[in-house]
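Thanks for coming. I will take a few minutes to walk through one structure, starting with a detail and then moving out to the whole chain.

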Amino acid sequence: MHNPVPLPAGAHLLLADAPAQLLPARELMAFTLASHIILVPMGVALPLITLVMHYRGLRRNDPTALLLARRWSAVMAVQFAVGVVTGTVLSFEFGLLWPGLMGRWGDVFGIGFGVEAWAFFLEAVLIAIYLYGWRRLPARTHFLLGVPLPAAALLGAFGILAANSWMNTPRGFRLDSTGNPVDVDVWKAIFTPMFGPQYWHFVVAMFLTAGYVVAGVYAVGILKGRRDRYHRLGFAVPFTVAAVFTPIQFVLGDSIARSVFHKQPVKFAAMELVWETDTHVPEYIFGRLHPDGTVTGGIKIPQLDSILAGFRPDTEVTGLTSVPASDRPNPTQATIAHWAFDIMVVIGSLMMLLVLWYAWVVWRRRKRPAAQRLPESRWFYRSAACAGVASVIAVECGWITTEVGRQPWIVYQNMRVAEAVTATRSSTLWVMFGVVIVVYLFIFGSFLAVLLKMRTRWRLADAAAGPPVEGPETGTPYGPRDDVPGAAVGAGTRAGEDGTP
């Protein structure tokens, strides 16, 4: 028999007076949400990046660009299929784990989930048409049929962010004498005070994350010596997309933090470890909040938090003690939200430096041929490869900040998480959690295996076609399939490379 691992300071407060079902329900929801978020950037942004490459291929009669677009469309389809599974699990969990939330408030904010479901089916149809259209439709028609894809992906994000922003700043209803919502105003329920800041911050995060992830794959190839045009172009287009959105995200991130300061002051206090309401509040980079309000560790910068919040050192920042202890995150939760927020900011700052490096090199080489404008430093490509993983971590940290910082509320100032949790026995929920972990390991393992299989097949096809062609290539991926011979006809006309059986 082993000794139990002691809980960290503040964890007992986290579990005190909470239903036994609360911890397993939270853990299960957190695991499935964190797993699904890994796929979301590709689902939201890969269609646009693929279409950018597709347009370049058509505009410049570039079979290499068309080949990349076709391969990315196959990845997009596989990713969408896996996202269907993980997204469906999340949808069921809202009703199974949090019946109090859906039973009482579903009529108010459920429209967001309806929009997301409609967008999902639309995106499924559009992906099927786009994938089928390679070699089967005229080039211009095929491209135009793919143009609505990014809009469908953004519509799905619209629905989810409408629901989540409503949970942060609920609007569009009034409570009757029994405390139930009535007189629902759908428009106010969708367009809450936090919807705009959350939506644009999220969407831009998806674009830059997908750009860094895709570019990171080709950065690894370049580091392994594959500096042919295929890898250079596969890196340059998505990385440039990410580079364009990174400074925009910097501005949007500052904007949403200031919106939280005004609309959710207690959450802001948790994010910044502000214990008592005051002016000239210091900024803590990392650090740990204790139950007595002291902060240990980290780097303390005097007055910076007040300056960031209101552009003046005498800006008053609301502290956690402005509300009763039962209505605010406890010290452990505040520390988690603070660390997640700081990690996200640090990663964003490092990405901004990487973008400046990239822009400086490209600008200095602007008079050279396009093939010679990319950086040559191996450290740059190592950094670009790491940026793909780091951007996903930043997205995860953003959601941790949003959800943990709102505690103990599931509907801000209207319903606590403990009130919404299921009455199912905690032992049953732990068993469900274990089963879900096993199933998700199989799903993501299969996803990785399929991607590696596709990569291997594409490499064999490239090897069979001969050395990479640096100049203009002659083939295109369009035309009836019967006209395409079984052997390779050029870099852009290899049969069976559209990712379909």
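Start where helix α13 begins: there, a side-chain oxygen of Asn-330 comes to within 3.0 Å of the backbone nitrogen of Thr-332. The helix that follows, α13, covers residues 331-364, which is 34 residues. From first C-alpha to last, α13 reaches 49 Å, close to the 50 Å expected at 1.5 Å a residue.

Before going further, a caution: this is a predicted model. The mean pLDDT of the chain is 83, and 89% of the residues reach 70 or more. Over residues 467-476, however, the pLDDT is below 50, and this stretch has 17 contacts in the model beyond near neighbours in sequence. Residues 478-501 also stay under 50, and for them the model has 58 contacts beyond four places in sequence.

Now the overall picture. The chain has 501 residues, of which 50% count as buried. Its secondary structure comprises 16 helices and eight strands. If we take the contacts with a separation of 6 or more, 77% of them are between residues 24 or more positions apart.

Next, helix α3, residues 63-97. At its start, a side-chain oxygen of Asp-62 reaches to within 3.0 Å of the backbone nitrogen of Thr-64. What span should α3 have, at 1.5 Å a residue? Its 35 residues should span 51 Å, and the end C-alpha atoms are 50 Å apart, which agrees. As for its surroundings, 26 of the 35 residues of α3 are buried, so the helix is largely enclosed by the rest of the structure.

Asp-62 and Thr-64 come up again when we look at Leu-233, which is found in helix α10. Leu-233 is buried, with a relative accessible area of 6%. Not counting residues up to four places away in sequence, Leu-233 touches Met-53, Arg-56, Asp-62, Thr-64, Ala-65, Leu-68 and Pro-238. Leu-233 and Leu-374 are 141 residues apart along the chain, and their C-alpha atoms are separated by 9.8 Å.

Staying in α10, which runs over residues 229-263, we find Ala-242. Is Ala-242 buried or exposed? Its relative accessibility is 0%, and therefore Ala-242 counts as buried. Beyond four places in sequence, Ala-242 touches Leu-208, Gly-211 and Tyr-212. Gly-211 is 31 residues from Ala-242 in sequence, and the two are 4.8 Å apart in space, C-alpha to C-alpha.

Helix α9 covers residues 195-223, and Gln-198 lies in it. Gln-198 is buried, with 7% relative accessible area. Which residues is Gln-198 in contact with, leaving aside neighbours within four places in sequence? They are Leu-161, Asn-164, Ser-165, Asn-168 and Ile-256.

That brings us to the nonpolar core. In soluble globular proteins, nonpolar side chains tend to be buried together. Here the largest nonpolar core has 135 residues. Those with the most contacts inside this core are Trp-98, Leu-101, Trp-105, Trp-166, Phe-235, Phe-239 and Ile-410. Helix α9 gives the most to the core, with 17 residues. To take one of the residues named, Trp-166 is in contact with Trp-105, Val-108, Phe-109, Arg-171, Phe-173, Ala-189, Thr-192 and Val-411, leaving aside neighbours within four places in sequence.

One loop residue is also worth a look. Thr-422 sits in the loop between α15, residues 417-420, and α16, residues 426-464. With 6% relative accessibility, Thr-422 counts as buried. A polar atom of the Thr-422 side chain lies 3.4 Å from the backbone oxygen of Leu-96. The side chain of Thr-422 also makes a polar contact, at 2.9 Å, with the side chain of Thr-424. Aside from residues up to four places away in sequence, Thr-422 touches Gln-21, Leu-96, Leu-97, Pro-99 and Leu-429.

Last, the cysteines. How many disulfides does the structure hold? The number is zero. Two cysteines can be set side by side: Cys-386 has 52% relative accessibility and so counts as exposed, whereas Cys-397, at 7%, counts as buried.

That is the end of the walk-through.

Definitions and conventions: Residues numbered from 1 in each chain as written. Predicted model: local features only at pLDDT ≥ 70, side-chain atom pairs only at ≥ 80, totals over all residues. Heavy atoms only, no water. Helix = DSSP H or I, 4+ residues; strand = E, 2+ residues; numbered from the N terminus. Expected span 1.5 Å × (residues − 1). Buried < 20%, exposed > 50% of the residue type's maximum accessible area, 1.4 Å probe, protein only. Polar contact = N/O pair within 3.5 Å; in protein donor to acceptor, adjacent residues only side chain to side chain. Disulfide = S-S within 2.5 Å. Contact = heavy atoms within 4.5 Å. pLDDT = per-residue confidence, 0-100. Core = buried A, V, L, I, M, F, W, Y, C linked by side-chain atoms within 4.5 Å.
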